[in-house]
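Subject: A structure for you to explore

Hi there,

Here is the structure I promised to pass on to you. Have a look at it first, and then read my notes below with the viewer open beside you.

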Amino acid sequence: MESKNLWSTYSTEQLEELNRISDKYKECLDAGKTERECVELSIRMAEKSGYRNLEEIRSSGEKLTPGDKVYAVNMNKMLALFRIGKEPLSHGMNILGAHIDSPRIDVKQNPLYENEEFAYLDTHYYGGIKKYQWVAQPLSLHGVIAKKDGTVQKVSIGEEPGDPVFVITDLLIHLAQEQMEKKASKVIEGEKLDLLIGNRPIEEVLGASDEDGEAEDTAAADAKNAAKKAQKDAVKANVLRILKEKYDMDEEDFVSAELEIVPAGKARDCGLDRSMILSYGQDDRVCAFTSLFAMLDITDAKKTGCCLLVDKEEIGSVGATGMHSRFFENTVAELIAMTEGESELKTRRALSNSRMLSSDVSAAYDPMFAEAFEKRSSAFFARGITFNKFTGSRGKSGSNDANAEYIAALRKVMDDAGAAYQFSELGRVDLGGGGTIAYIMANYGMEVIDSGVAVLNMHAPYEVTSKADVYEAVKGYRAFLKM
Ligand code: MN
Ligand code: MN
């Protein structure tokens, strides 16, 4: 199949829209570095576009009518947006699904320790990573600290210009003769991914002086006592003092914290020609934010449109906020009750009559690693959305396999809308593989296909996408919602 490099096809107007979209996309990447941050940002954007919280509407007893825009949020990590269509909901929805969790390094529950006057946070990585890629670079800390009194403190350190950053150290090359002989999977081992966060012991006389409030005085006194108890852990004590001052947090509060370590810094244009974007977390936020943009753009559609942003895809879509949870199904049941009247059967019909683009990134053809790809079935940069009829590994195992009839209908929709697309597989047969949320939604009997944006260096701290593909994704998703 022949396809053109899209850059040579764009008009001035199209290039302007492309730049607008990629700028907005980069801002979203910067504001949404964790699943919680993505949900918060998406709700803010949706509310600006007239979306309302489903929970509030439901408790007021209000019914939903065509054109109504609502969202449902699950534990601040998963989000579903719906725009009620003219057709009954039980006739099915057009669903855009993507995940908002990304590979990263998580802080353990008993993380803080001192070793030879360095303070560290012990970690456990999340998702599939090449561990050696995460050392010797600036890292930031994002998340929440939930306390026993019910308050939840947000944390974000390392993104603002004046912020400190953190690092995981690597062995200097001069002494790395043995390390360099190791297998790549062993060069940096999981338990060596601890985050360096301090090197200065607590001071005898603490900074808390007269001008500080009473709370700080108490906090300082507590920390001082703790320091006295463990003189040898004076660096750790100092870290605890800072955490107490900044977040009113005790060491025990790590137990109920979710702290995620991600690369510090912003999304950047990549290439002299600025044709690409280099950023952390583009798997799968490149699909999530383009789906969200399309969803918020649509003002009129026959079918109910849905944009579903899920958590935990990188670890198997498990848990209450992963695609395997009943959250989505339950939300559709609520929507049926608020439109056509409570009906188990209509809920099932709404799900089985739906169509879905399960959007997740695909491997872009990389000439530097040509041997990993089969060229005719590879996704290329600047060729548009890439559809994967199936994913899986070793004989398509574990894959959703989209129906030919559904693919034909999508080809027509994309062609009519002038949205560019390509068909690809994730690399050479028998080399590895991957999964998405497609097969889970297919359990309802709906039409589902894997689609998304091609990415270079997937799962690395910084991943690369083509601005042209980001633009085509938004165009394609808009067309799909109007299908
Ligand atoms: Mn993904
Ligand atoms: Mn992934």
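The side chains of H142 and S140 are joined by a polar contact of 3.1 Å. One thing to keep in mind from here on is that this is a predicted model. You will find H142 in strand 7, which covers residues 139–146. Is H142 buried or exposed? Its relative accessibility is 1%, so H142 counts as buried. Leaving out residues up to four places away in sequence, H142 touches a number of others, among them K33, T34, E37, V155 and E258.

Another residue to click on is I105, in strand 5 (residues 104–115). I105 has a relative accessible area of 0%, so this residue is buried. Which residues does I105 contact, apart from its neighbours within four places in sequence? They include T123, Y125, W134, I168, L193 and I261. You can also try the distance tool on I105 and L141: their C-alpha atoms are 9.6 Å apart in space, while the two residues are 36 apart in sequence.

Now for the metal site. What coordinates the manganese ion called ligand 2? The donors come from D283 (OD), E314 (OE, listed twice) and H459 (NE2), at 2.1 to 2.5 Å. Along the chain, these donors follow the spacing D-x30-E-x144-H. D283 lies in helix 7 (residues 282–297) and H459 in the loop between strand 19 (454–455) and strand 20 (463–466), so the pair ties together parts that are 176 residues apart in sequence. A second manganese ion, ligand 1, sits 3.2 Å from ligand 2, and D283 coordinates both. D283 is buried at 2% relative accessibility, and H459 is buried too, with a relative accessible area of 18%. The value for H459 counts as buried because the cut-off is under 20%.

Helix 7 also has a packing partner. In general, two packed helices are described by the angle between their axes and the distance between the axes. Helix 2 (residues 35–48) and helix 7 pack at an angle of about 15°, and their axes are 11 Å apart. How are these two helices oriented to each other? Helix 2 and helix 7 are roughly parallel, because angles under 35 degrees are counted that way. Their crossing is right-handed. On the helix 2 side, the residues that meet helix 7 are E35, C38, L41, S42, M45 and A46. Their counterparts in helix 7 are R285, F289, L292, F293 and L296.

Last, some backbone details. Most residues other than glycine have a negative phi, and most peptide bonds are trans. Where does the model have a cis peptide bond? Look at the step from D283 to D284, where omega is near 10°. D284 lies in helix 7.

As for phi, N76 has a positive value of about 60° although it is not a glycine. N76 is found in the loop between strand 2 (69–74) and strand 3 (78–83), and at 46% relative accessibility it counts as partly exposed. S317, also not a glycine, has a positive phi of about 60°. S317 lies in the loop between strand 13 (304–310) and helix 8 (327–339). With 2% relative accessibility, S317 counts as buried.

Enjoy exploring, and write back with any questions!

Best wishes

Terms used. Residues are numbered from 1 along each chain as its sequence is written. Chains are lettered from A and ligands numbered from 1 in the order in which they are written. This is a predicted model: local features need pLDDT of at least 70, side-chain atom pairs count only at pLDDT 80 or more; totals for chains, interfaces and linings use all residues. Side-chain values use heavy atoms; hydrogens and water are left out. Donors are N, O and S atoms within 2.8 Å of the metal (3.2 Å for Na, K and Ca); water is not among the atoms, so sites may look incomplete. Helices (H or I, at least four residues) and strands (E, at least two) are DSSP runs, numbered from the N terminus. Buried means under 20% relative accessible area, exposed over 50%, partly exposed in between (1.4 Å probe, protein chains only). A polar contact is a pair of N or O atoms within 3.5 Å; within protein, one must be able to donate a hydrogen and the other to accept it, and residues adjacent in sequence count only if both atoms are side-chain atoms. Contact means heavy atoms within 4.5 Å. Axes are lines fitted to C-alpha atoms, for helices over the stretch in contact, and angles run from 0 to 180 degrees between N-to-C directions. Angles under 35 degrees count as roughly parallel, over 145 as roughly antiparallel, 65 to 115 as roughly perpendicular and the rest as oblique. A crossing is left-handed if the near helix is turned anticlockwise from the far one by less than a right angle, and right-handed if clockwise.
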